[in-house]
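Let's take a friendly walk through this structure, from its surface to its core and then along its strands. Please keep the view open as you read.

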Amino acid sequence: MEYTGSKYIGEYVDGRMEGKAKYILPTETIYVGEMKDGVFHGEGTLYFPSGSQYDAVWENGLAIKGTYTFADGLHYDEKNWHYCDGYDRRFYTEILNGLKPAGMAQLTNMDPPRKIPKGYYDCGDGFYNPVTRVIKDYRNRFLRNAGRFLSTLQHIFSSSTYKYVHPYVQMYAHT
């Protein structure tokens with residue numbers, strides 16, 4: 001199945017994607033691998049915009065077996081996952097490169113850390129500008145407006161069920 005904004009590079013058989021292919025989803029996630037009857041089937045890899053990837057064996061569009069690798073090279077292991085557990089709270093880059101000297105604590109796994117523009121907040125998938133109430137990704141492309149969520153909260157908390165509306169919701173929900 002193709003989605004608006006997606007791009008398929010490969011063969012079609014009877015109008016369906018078939019064989020070795022490259023499929024670019026609207027989210028910029030890229031699938032490179034085998035297709036059968038229009039779905040992922042066989043060996044294939046999903047490459048995510050964050051730099052991480054999922055290598056898997058697919059059967060009729062479902063991942064049967066696979067491994068996830070984070071952008072920094074850390075491999076996720078469901079059975080033997082020891083990263084950032086209760087005993088060892090180091091970031092992966094600290095495990096690889098060692099701890100920094102006292103006074104130079106590492107606050108994220110990124111080393112050096114991402115530069116946050118003055119007056120903005122890091123949301124995990126982009127930067128939030130409280131003046132425009134817009135969230136843009138790390139490449140400065142629009143992701144979403146922040147207002148809808150706050151308007152929903154304001155509606156919920158101002159219903160007759162709730163007597164108190166938090167000042168934060170009052171302040172930001174009226175747009």
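## A nonpolar surface patch

In this predicted model, Val 57, Leu 62 and Ile 64 together make a nonpolar patch of about 280 Å² on the surface. Val 57 sits in strand E5, which covers residues 53-59. Is Val 57 buried, partly exposed or exposed? Its relative accessibility is 34%, so Val 57 counts as partly exposed, since that class lies between under 20% for buried and over 50% for exposed.

## The largest nonpolar core

Turning inward, the largest nonpolar core has 11 residues: Tyr 8, Met 17, Ala 21, Tyr 23, Leu 25, Tyr 31, Met 35, Phe 40, Leu 46, Ala 56 and Trp 58. At least two of these residues come from each of strands E2 (16-24), E3 (30-36), E4 (39-47) and E5. E2 gives the largest share, with 3 residues. In soluble globular proteins, nonpolar side chains tend to be buried together.

Tyr 31 is a good residue to click on: leaving out residues up to four places away in sequence, its contacts include Ala 21, Tyr 23, Phe 40, Leu 46 and Trp 58.

## Two hairpins

E3 and E4 run antiparallel, joined by 6 bridges. Lys 36 has Val 39 of E4 as its bridge partner. The hairpin these strands form has 2 residues between them, and Asp 37 in the turn shows a positive phi of about 55°.

E4 also pairs with E5, again antiparallel and through 6 bridges; here Thr 45 stands opposite Asp 55. In this hairpin 5 residues lie between the strands, and Gly 51 has a positive phi near 105°.

Key. Residues are numbered from 1 along each chain as its sequence is written. This is a predicted model: local features need pLDDT of at least 70, side-chain atom pairs count only at pLDDT 80 or more; totals for chains, interfaces and linings use all residues. Side-chain values use heavy atoms; hydrogens and water are left out. Patches are made of residues with over 30% relative accessible area and no salt bridge: like charges are joined within 9 Å, nonpolar side chains (Val, Leu, Ile, Met, Phe, Trp, Tyr) within 5 Å. Accessible areas come from the Shrake-Rupley method with a 1.4 Å probe; for residues, only the protein chains shown count as cover. A salt bridge is a side-chain nitrogen of Lys or Arg within 4 Å of a carboxyl oxygen of Asp or Glu. Helices (H or I, at least four residues) and strands (E, at least two) are DSSP runs, numbered from the N terminus. Buried means under 20% relative accessible area, exposed over 50%, partly exposed in between (1.4 Å probe, protein chains only). A nonpolar core is a set of buried Ala, Val, Leu, Ile, Met, Phe, Trp, Tyr and Cys residues joined through side-chain atoms within 4.5 Å. Contact means heavy atoms within 4.5 Å. Two strands pair if DSSP finds at least two bridges between them.
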